[in-house]
Amino acid sequence: MTEPRPTLRLDKWLWHARFVKSRALASKLVAGAGVRVNSNRIAKPAYGVGEGDVLTFALGERVVVLRILALGTRRGPAPEARTLYEDLSPPPPPKDLSRPVPVSGGRPDKRARRRFDAGQTDALD
């Protein structure tokens, strides 16, 4: 007979790996926004995850995709937490540099504001 694979609660693993500050926040993340484990949506924080599972979830404005390498026994320091997973996330999209960036130095007058809204980069010179 084969032994069952070792698992850990999903909310506890997210807390061990330092993706959230508390288990309560981890539970809210799983129950609210939803986390996918091996492309299946999971809504219960008590779902058991193990080594080799792939997690996908939204954290802030980015999508995090990672493979669990180890379960961990405690919530240790950040370098130790990074050994629990392999990050498979896509690279962040490039910043939109087509819009002009306002230059500090006070509020623009009416003419400069119109030029800035029209997309001219020398509007606030």
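Which residues of helix H2 (residues 23-33) are buried? The views below start there, and the model they show is a predicted one.

**View 1. Helix H2 and its buried side.** In H2, the buried residues are Ala-26, Ser-27, Leu-29 and Val-30. They sit on the same side of the helix, because the arc they cover around the axis is only 160°. Here's the general idea: an α-helix has 3.6 residues a turn, so residues three or four places apart point the same way. Flip to the other side of H2 and you meet Lys-28 and Ala-33, which are exposed. As for packing partners, the buried residues of H2 lean on helix H1 (10-16), strand E2 (35-37), strand E3 (40-42) and E5. Right after H2 comes Gly-34, with a positive phi near 90°.

**View 2. A cluster of aromatic rings.** Trp-13, Phe-19, Phe-57 and Tyr-85 are linked into a cluster by ring pairs. The count of aromatic pairs comes to 4. Take Trp-13 and Tyr-85: their ring centres are 6.3 Å apart and their planes meet at 75°, so this pair is edge-to-face. Trp-13 belongs to helix H1 and Tyr-85 to strand E7 (residues 85-87), so the pair ties together parts 72 residues apart in sequence. Trp-13 counts as buried, at 0% relative accessibility, and so does Tyr-85, at 17%.

**View 3. Phe-19 meets Tyr-85.** The ring centres of Phe-19 and Tyr-85 are 4.9 Å apart with planes at 50°, so this pair is tilted. It's another link between distant parts of the chain: Phe-19 is in the loop between H1 and H2, Tyr-85 is in strand E7, and 66 residues separate them. Phe-19 is buried too, with a relative accessible area of 14%.

**View 4. Asp-53, a buried loop residue.** Look for Asp-53 in the loop between strand E4 (48-49) and strand E5 (54-59). Its relative accessible area is 4%, so it counts as buried. The side chain of Asp-53 makes a polar contact of 3.0 Å with the side chain of Asn-38. A polar atom of that Asp-53 side chain also lies 2.9 Å from the backbone nitrogen of Gly-50. Among the residues Asp-53 touches are Arg-5, Val-37, Leu-66 and Ile-68.

**View 5. Gly-72 beside His-16.** Gly-72 is in the loop between strand E6 (62-68) and helix H3 (78-81). This glycine, Gly-72, is partly exposed, at 31% relative accessible area. Gly-72 and His-16 are 56 residues apart in sequence, yet C-alpha to C-alpha they are 7.0 Å apart in space. Gly-72 touches His-16, and its contacts also include Leu-8 and Leu-84.

Methods
Residues numbered from 1 in each chain as written. Predicted model: local features only at pLDDT ≥ 70, side-chain atom pairs only at ≥ 80, totals over all residues. Heavy atoms only, no water. Helix = DSSP H or I, 4+ residues; strand = E, 2+ residues; numbered from the N terminus. Buried < 20%, exposed > 50% of the residue type's maximum accessible area, 1.4 Å probe, protein only. Polar contact = N/O pair within 3.5 Å; in protein donor to acceptor, adjacent residues only side chain to side chain. Contact = heavy atoms within 4.5 Å. Arc of directions from axis to C-beta. Phe/Tyr/Trp six-rings, centres within 6.5 Å; stacked < 30°, edge-to-face > 60°.
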